[in-house]
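The following paragraphs lead the reader through a protein model, from its interior spaces to its surface. Please keep the sequence and the three-dimensional view at hand while reading.

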Amino acid sequence: MSSEIPMRVAVVGATGFQGGAVTRLLAERHHRVRALTRRPEADRPPVPGAVFVAGDLARPAAVRRLFEGTTHAFVTMPLVYDAERVEAYARHVAEAALAAGTLRLVFNANTRLPLGPTDVPAFETRRLAERVLRDSGVPLVVIRPPVYLDNLFSPWNGPALVDDGVLAYPLPESARTAWLSHRGLAEAAFAALTRDGLEGRTFDIGGERSLTGGELAAAFGRGLGRAVRYEELDPVVFEQSLAQLLGRETAAGVAGIYHYMATGADPLLLADDDGVSAEALEVGQAPVEEWVARQPWQVWATDAEEPDASPRP
């Protein structure tokens, strides 16, 4: 399979951060994208080369329209953690992919998965979706990311980092984590779509290396040029803040990962995989401090000027 031949890629999740990063990379490399979205036309992101199909994963006809005429697919499930709904979504995707003759489908599981079953919906719904897709017979590659550096470039983290040198996140300081950027996810997804001989494999993708909270803070300090300290954020507090943005049900689903990590039951769940994925996918990730140095952190400074909201001619 060669990335030099233009692909026509069905993307589920293109208007989200993860799917959006993959969509932009595909467009940059001159591949065509068909994206499924519930957003009205005026609210869709401008992605050169992308065609949007109206609908959502609950509607089999919409998913079939998305896959029509495509050769490949990249799928990220929405922030839904109800097993029955996720299973239906996965079946609709599998049926559409098989009908379209999809050459390869890359499923982004959103998270790493513990080896054994848990009572955490964020893990078990993704495990269920993987099983449905795999059992369907569609040519499948699964990528399982850890957590994203981009989560830290946000209104919740930016001001404290810039003003006070505090990096707060709901992971234990001791949890070694292979922090990954959205761009890094996109590079891994592109490789999973295009490299030969990967069908049937699952990859625990991640950043350059695993870092404890203290090591992450030190990397941020090097990137920002100032002292930074790591602070463990209580997952309960994190969930409460997230609920104000996403609603209680979705926030509980997302926060379940962090509640699980806080138990210490699987301290290496988010760690690197000793280079297995990087070697198989032939992708390298930049050090965290390089990612940090590229971000416009000044926008989060409390003394930053308010953006000019006056009309433009």
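A cavity is defined on a 1 Å grid over the protein atoms alone, as a set of points where a 1.4 Å probe fits but cannot get out. Grid points are joined across faces, edges and corners, and a volume is the space filled by probe spheres set on the points. Rolling a probe the size of a water molecule over the atoms shows where empty space is left. The model is predicted: local features need pLDDT of at least 70, side-chain atom pairs count only at pLDDT 80 or more, and totals for chains, interfaces and linings use all residues. Residues are numbered from 1 along each chain as its sequence is written, and side-chain values use heavy atoms, with hydrogens and water left out.

How many cavities of 30 Å³ or more does a search of the whole structure find? The search finds 2 of them, and the largest has a volume of about 40 Å³. Lining residues, which have an atom within 4 Å of a point, include Leu171, Pro172, Trp179, Leu211, Gly213 and Tyr230 for this largest cavity.

The interior can also be approached through single residues. A residue is called buried under 20% relative accessible area, exposed over 50%, and partly exposed in between (1.4 Å probe, protein chains only). Helices (H or I, at least four residues) and strands (E, at least two) are DSSP runs, numbered from the N terminus. Ala129 belongs to helix 4, which covers residues 121-136. Is Ala129 buried or exposed? Ala129 counts as buried because its relative accessible area is 0%. Contact here means heavy atoms within 4.5 Å; leaving aside residues up to four places away in sequence, Ala129 touches Met77, Val86, Ala90 and Phe107. Ala129 can also be compared with Ala94: the two are 35 residues apart in sequence, and their C-alpha atoms are 9.8 Å apart in space.

A second buried residue is His182, whose place is in helix 6 (residues 182-194). His182 is classed as buried because its relative accessibility is 10%. When residues up to four places away in sequence are not counted, His182 touches Phe17, Gln18, Ala21, Tyr148 and Asp150.

Two loop residues deserve attention for their backbone angles. His30, although not a glycine, has a positive phi of about 65°. His30 sits in the loop between helix 1 (17-28) and strand 2 (32-37), and His30 is exposed, since its relative accessibility is 66%. Asn110, also a residue other than glycine, has a positive phi near 75°. The loop that holds Asn110 runs between strand 5 (104-108) and helix 4. Asn110 counts as buried because its relative accessibility is 16%.

Charged side chains come next. A salt bridge is a side-chain nitrogen of Lys or Arg within 4 Å of a carboxyl oxygen of Asp or Glu, and by this rule the count comes to 12. One of them joins Arg91 to Glu87, with the closest N and O atoms 2.8 Å apart. Both residues lie in helix 3 (residues 83-100), 4 residues apart, about one turn of the helix. Arg91 is partly exposed at 41% relative accessibility, and Glu87 is partly exposed at 26%.

In helix 4, the side chains of Glu124 and Arg127 meet in a salt bridge with an N to O distance of 2.9 Å. Because they are 3 residues apart in the helix, Glu124 and Arg127 are separated by about one helical turn. Glu124 is partly exposed, with a relative accessible area of 21%, whereas Arg127 is buried, with 17%.

Another salt bridge brings together the side chains of Glu130 and Arg144 (2.8 Å, N to O). This pair links distant parts of the chain: Glu130 is in helix 4, and Arg144, 14 residues apart from it, is in the loop between strand 6 (140-143) and helix 5 (158-164). Both Glu130 and Arg144 are buried. Elsewhere, salt bridges link Glu28, Arg29, Arg183 and Glu187 in a network.

The path ends at the surface. Patches are made of residues with over 30% relative accessible area and no salt bridge; like charges are joined within 9 Å, and nonpolar side chains (Val, Leu, Ile, Met, Phe, Trp, Tyr) within 5 Å. Accessible areas come from the Shrake-Rupley method with a 1.4 Å probe, and for residues only the protein chains shown count as cover. Leu79, Trp156, Leu245 and Leu246 form a nonpolar surface patch, together having about 420 Å² of accessible area. Within this patch, Leu245 is found in helix 8 (residues 235-246), and Leu245 counts as exposed because its relative accessible area is 53%.

Notes. On a 1 Å grid over the protein atoms alone, a cavity is a set of points where a 1.4 Å probe fits but cannot get out, and a pocket is an open set with protein on both sides within 12 Å along at least five of seven lines; lining residues have an atom within 4 Å of a point.
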